[in-house]
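Trainee: I am new to this structure. Please pick one part and take me through it closely.

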Amino acid sequence: MQSTLISFPAGTLVGEGEVVLVDQRASVVVVDATPFHPVDHTWPDQPGDTGVITVGDARVRVTEAVMVAISDEGVLAVGSDIPVKRGGEGWTWMVGHRTDGVIPADIAVGARVTLEVDADLRASLSRGHTACHLASLALDAALADLWRKEIGNDPLGNPDFEGRANQSSRIRPDGSVDEYRLGKSLRRAGFDSEGFAASIGEREARINELLADWVGSAGESRIDVDGPSIIDRRTWRCALPEGEVAFLCGGTHVRSLAEFASITVALDLSDPQLLVMTTTAVAA
Ligand SMILES: [Zn+2]
């Protein structure tokens, strides 16, 4: 078996392929090539695509695309049950399509099937993911003067608050929720948490100003791939007025910032140890 060939980085929604594995117990179908974006089991930020798989009159609903791994010894693991990190040695990595109910007999190993992703959900998750990354870059920029020591920089050259403090990122249709740990270790790294708490309203306003500028610039956004399969590295690139940004990312994205009417954030520090940033995108 081989790693699944993927077409979602180019924005593709429909594809064809040959079924290589059907597991009725796990309700999973694996095809040699797919347009479905799977949720990543190591860093599950963007939910997997939904849609349908059809062959002739037979069809099955895909409730979520997930990662599937098969060990060299033949052990099959699905989604969050995969016991090793993404790309781990000794495993073959594939995209699985989790299905709703019994998989029709026509969708069997060797069958040529058509795969179709729900376009509206994909588009809203792509907007959510791009908005999430832009909000994190704007957050780094708006917090840059709060660092008392040198730390590593983000792709725009600002101190990398995101990389230091982000503990979870959840992308949803047209938005995201990010959580940042503001504990002792961040303070020891040189971050002025008190100064931040005292100026959170201004910081939020600054982030929203930056995001409005970036949306207005209507820059290009795309995903570059190192190869055609699910295990190849993927990089999100986006043109901003300050320059092009790029970082490793497994998700899906808009093609242009012109696809947004707006992106805004709300910062919540109800728990002084935990910053929650909620990002909301509005489609153009
Ligand atoms: Zn990403």
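Mentor: What follows is a close look at one helix, with a short stop at the metal site.

Keep in mind that this model is predicted. Start with helix α5, which runs over residues 200–217. Check its length. It has 18 residues, so at 1.5 Å a residue it should span 26 Å. The C-alpha atoms at its ends are 26 Å apart, and that agrees.

Now look at which residues of α5 are hidden. I200, R203, I207, N208, L210, L211, W214 and V215 are buried. Where do they sit around the axis? They cover an arc of only 160°, so they lie on the same side of α5. Turn to the other side of the helix. There G201, E202 and G216 are exposed.

What covers the buried residues of α5? Two helices are among the elements that do: α1 (119–142) and α4 (193–198). Strands β13 (234–240), β15 (260–271) and β16 (274–283) are also included. Then look just past the end of α5. A218 has a positive phi there, about 55°.

Helix α1 leads on to the metal. The zinc ion is coordinated by NE2 of H129, NE2 of H133 and SG of C249, at 2.1 to 2.3 Å. Along the chain, these donors follow the spacing H-x3-H-x115-C. H133 and C249 link distant parts of the chain, 116 residues apart. H133 belongs to helix α1, while C249 lies in the loop between β14 (243–248) and β15. Both H133 and C249 are buried.

Two elements thus appear twice in this tour. α1 and β15 help cover the buried residues of α5. α1 also holds H133, and β15 borders the loop with C249.

Terms used. Residues numbered from 1 in each chain as written. Predicted model: local features only at pLDDT ≥ 70, side-chain atom pairs only at ≥ 80, totals over all residues. Heavy atoms only, no water. Helix = DSSP H or I, 4+ residues; strand = E, 2+ residues; numbered from the N terminus. Expected span 1.5 Å × (residues − 1). Buried < 20%, exposed > 50% of the residue type's maximum accessible area, 1.4 Å probe, protein only. Arc of directions from axis to C-beta. Contact = heavy atoms within 4.5 Å. Donors = N, O, S within 2.8 Å, 3.2 Å for Na, K, Ca; no water.
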